[in-house]
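Here's a quick briefing to read alongside the sequence and the 3D view. Have the viewer open and follow the bullets topic by topic.

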Amino acid sequence: MLEVENLVKTFGTMTAVDHESFTIKPGEIMGLIGQNGAGKTTTFRMILNFLTPDSGAIRWNGHPLTAKDYDVIGYLPEERGLYPKMKVADQITYFARLRGMKAADVKAQIPEWLDRFQVKGKPTDKVKDLSKGNQQKVQLIATLIHMPKLVILDEPFSGLDPVNASVLQSGIEMLRDSGSAIIYSSHDMGNVEAISDHLVMLKNGKMVLNGTVDAIRESFGRTKLYLESGLSAEQLRDFDGVEKLVAHGNEFELTLADPTVGERIFAAATVNGYIPEFRQQPPTLDEIFRMKAGAEHA
Amino acid sequence: MHKFWVVCGQVYKKNVRSGSWLFLVLSPLIFVGIAGLIGYFVSQNVQPAKVAVVIENTEAPAKSVLNKAILKTSNSDIKFQTRDTQSAAEKALTSEKIDGILTVSTKPEIAAKYVERSNADNNVDTTTLTATLSQLKLQQTAASLKLSPEALTALLSPAKVTKRTVAIENGKQVAKNDTTAAVNKAFAGVLTVFILMITMVYGSMLAQEIATEKGSRIMEILLSSVSATTQFFGKLAGMFLLLLTQIVAYVIAGAIGWVWLAKLDFVKSLLKQIDFSVLASQTTLIAVLFFIVGVMTYAVLAALTGSLVSNQEQVNTAVMPISMLGLAGYMLSFMAQTGDSPLLRITSFIPFINATVMPVQLALGHAGFGMAWASLGISMIFLIAFTWVVVGVYRSNVLVYSDANFMKRLRTSFSIWRAERK
């Protein structure tokens, strides 16, 4: 279990991380979101002991994380790097040996992992001869092959196409199922929503959101309404509490001031019986992210 | 310790198979090999002069003894062959099968005449012939005088004169010989070039290795797997294994070449003139220690400058300080060969530069052993302190990615290092 408690880090006059706290249990995935410069990478670097926090504590299974714990960590930095002239198998073996694995064990497992991540390339290919997407997958394998108990992924989805993103997602889920504690950062709220058990959003180093994805969304109330019915745009706008209306073909997307407005619209829309769509939801994570990130500018 | 060897092995394996390292090691060997082969073929083309020996008015047993004695003196310049009669020899000369005829008569005493073909490939030096025959004549005379071999040796041994060269240092005579000084000077000269080459090549290899890892962000993964200190020393050790491999390769190549070279007469005679025992002197010991400390200091500097880059394009700027310092040391040591100066006396105590300057100053007699040991001591203390600081800075450097100039980046990394130490 990773416990982060009241972490503060300043660089000169700038506060990069301001009283950050969260806990990740084994078998749990935590998404760390926030704009560029919000403090995500600084958080990771403090967990990895690259930076020393000004105050606060980081504990792994109850004790501070030290060089002795390096073998249980899997870390994927935001900007990827591999040795271009090295063979895929040698590359993975080197990183895995640095995590304490035996060379023979790594070599035996490489084909299975290349298969799992659908890497198009042979273990004997040079890294530079692979496509960018495949290089990224090789890097992921190098990060995960030793089955780390604490996985730290900095923007793992960036640059991946939807197919590869889902390959990565199942890789992350496989580690979660084996009991790893996983923390990752992302800009893509779709992925965060799909796989995170827990979410922390940072803004200028401060935590603005903290909780499970569902709980966070529900806390904003079901103020989004997607409707396809006999009611026209004008009729909908006349309802008290409709703040915004956007038409997508026959479907209208409404932003409500209050969830109860939905009940009145439902009654009016179903006066004549069947309607194809009535969907009242909390705002998506993406909308919450924009809302929170833009709060200061607004 | 396990991870130290993983890093060390990785650095070694990666470079030992690289084209640039193989070229570095093999190019001098290939160069020397080609030069040797050319020399060998040239020497093969020089055939010894073929000289027929004809012995006149001498009885059969004495004739054959003499024939054998002359044939035995054949060497790379002259090859003797016997002819029974003058006419047989003349015939061979006319058909240009031989280069000359040596006609020897034993009565009243050993004397000879030599006829040489004017268009012979190789001319025979008559002093060689004279020497050969004089020796035979000496033995003949000694035999007729009934002298024992010991008596002959005693008669021929020259008076002995020994020579000793002294230098006057602080009003005292100090034994010094020209060969020692010459060998020391040559040794220092070779050593300077060697130090320059090794520090520049290995320094830039190490700087590039680290700069590439940092520029490609591999460093962050490495530092989350292994402590910066272990990684730092693992890399240094890997580089030293490479250097050691190169030196061993040269020693083996040298030993093989030696077996071959030692057979050549020219080399044999040259080796007799040089007393290699002068190499086993205090000067050599100090020079070798300076070499080791110098290479290590440059390697640590290389690690520092390599860790300061932000991307792969800046790799060259990481190598520059090493080249500059290396060249400065080389120029100064070059200057030292023309004479002593206050500048040299000061720089022979400054770490980085003293590795090349001090051994030369010492070999040329501009500095004494006391000064050399003091300078070496300064270098060692500096190396320990420098390594300690660089190991600390190295770790924080990984986080400094900026486009600022070299000095500014250096200052930033020092301030991070200080902040982290609080």
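In chain B of this predicted model, helix 11 (residues 282-307) and helix 14 pack with their axes 9 Å apart, at an angle of about 175°. That makes helix 11 of chain B roughly antiparallel to helix 14 of chain B, since angles over 145 degrees count that way. Helix 14 of chain B has another helix to deal with too: its axis and that of helix 15 (residues 369-397) of chain B come within 10 Å.

**Helix packing in chain B**

- On the helix 11 side of chain B, the residues that meet helix 14 are B:Thr283, B:Ile286, B:Ala287, B:Phe290 and B:Gly294.
- Helix 14 of chain B answers with B:Asn354, B:Ala355, B:Met358, B:Pro359, B:Leu362 and B:Ala363.
- Sort the residues of that contact between helix 11 and helix 14 of chain B by class and you get eight nonpolar, three polar and no charged.
- Helix 14 (residues 354-363) and helix 15 of chain B cross at roughly 170°, so these two are roughly antiparallel to each other as well.
- In this second contact, B:Asn354, B:Met358 and B:Leu362 of helix 14 meet B:Phe369, B:Met371, B:Ala372, B:Ser375 and B:Ser379 of helix 15 in chain B.
- The class split for the contact of helix 14 with helix 15 of chain B is five nonpolar, three polar and no charged.
- B:Asn354, B:Met358 and B:Leu362 are listed in the contact with helix 11 of chain B and also in the one with helix 15 of chain B.

**How far to trust chain B**

- The average pLDDT of chain B is 80, and 86% of the residues score at least 70.
- Confidence in chain B peaks in helix 1 (residues 2-16), at a mean of 90, and bottoms out in strand 5 (residues 166-169), at 62.

**Chain A overall**

- Chain A has 10 helices and 14 strands, and its C-alpha atoms fill a box of roughly 70 × 45 × 30 Å along the principal axes.
- Of its 298 residues, 50% count as buried.
- Looking at contacts in chain A with a separation of 6 or more, 67% come from residues 24 or more positions apart.

**A four-stranded sheet in chain A**

- Four strands of chain A form an open sheet with antiparallel pairing, in the order 12-13-11-14.
- Strand 12 (242-248) and strand 14 (277-281) of chain A sit at the edges with a single partner strand each, so one side of each has no neighbour in the sheet.
- Neighbouring strands of this sheet are turned by 15° against each other on average, direction ignored.
- Five bridges join strand 11 (residues 224-228) and strand 14 of chain A in the antiparallel sense; A:Lys224 has A:Gln281 in strand 14 as its bridge partner.
- Helix 9 (residues 260-269) of chain A packs on the sheet and touches strand 11, strand 12, strand 13 (251-256) and strand 14. Its direction makes about 150° with that of strand 13 of chain A.

**A:Tyr83, in touch with both chains**

- You'll find A:Tyr83 in the loop between strand 6 (73-76) and helix 2 (88-98) of chain A.
- Its relative accessible area is 6%, so A:Tyr83 is buried, the cut-off being under 20%.
- Within chain A, A:Tyr83 touches A:Gln91, A:Tyr94, A:Phe95 and A:Val127, leaving aside residues up to four places away in sequence.
- Across in chain B, A:Tyr83 touches B:Gln10, B:Lys14, B:Glu213, B:Ile218 and B:Leu222.
- A:Lys126 is 43 residues from A:Tyr83 along the chain, yet their C-alpha atoms are separated by 9.1 Å.

Definitions and conventions: Residues numbered from 1 in each chain as written. Chains lettered and ligands numbered in written order. Predicted model: local features only at pLDDT ≥ 70, side-chain atom pairs only at ≥ 80, totals over all residues. Heavy atoms only, no water. pLDDT = per-residue confidence, 0-100. Pairing = 2+ DSSP bridges. Axes fitted to C-alpha atoms, helices over the stretch in contact; angles between N-to-C directions. Contact = heavy atoms within 4.5 Å. Parallel < 35°, antiparallel > 145°, perpendicular 65-115°, else oblique. Nonpolar A, V, L, I, M, F, W, Y, C, P; charged D, E, K, R; others polar. Buried < 20%, exposed > 50% of the residue type's maximum accessible area, 1.4 Å probe, protein only.
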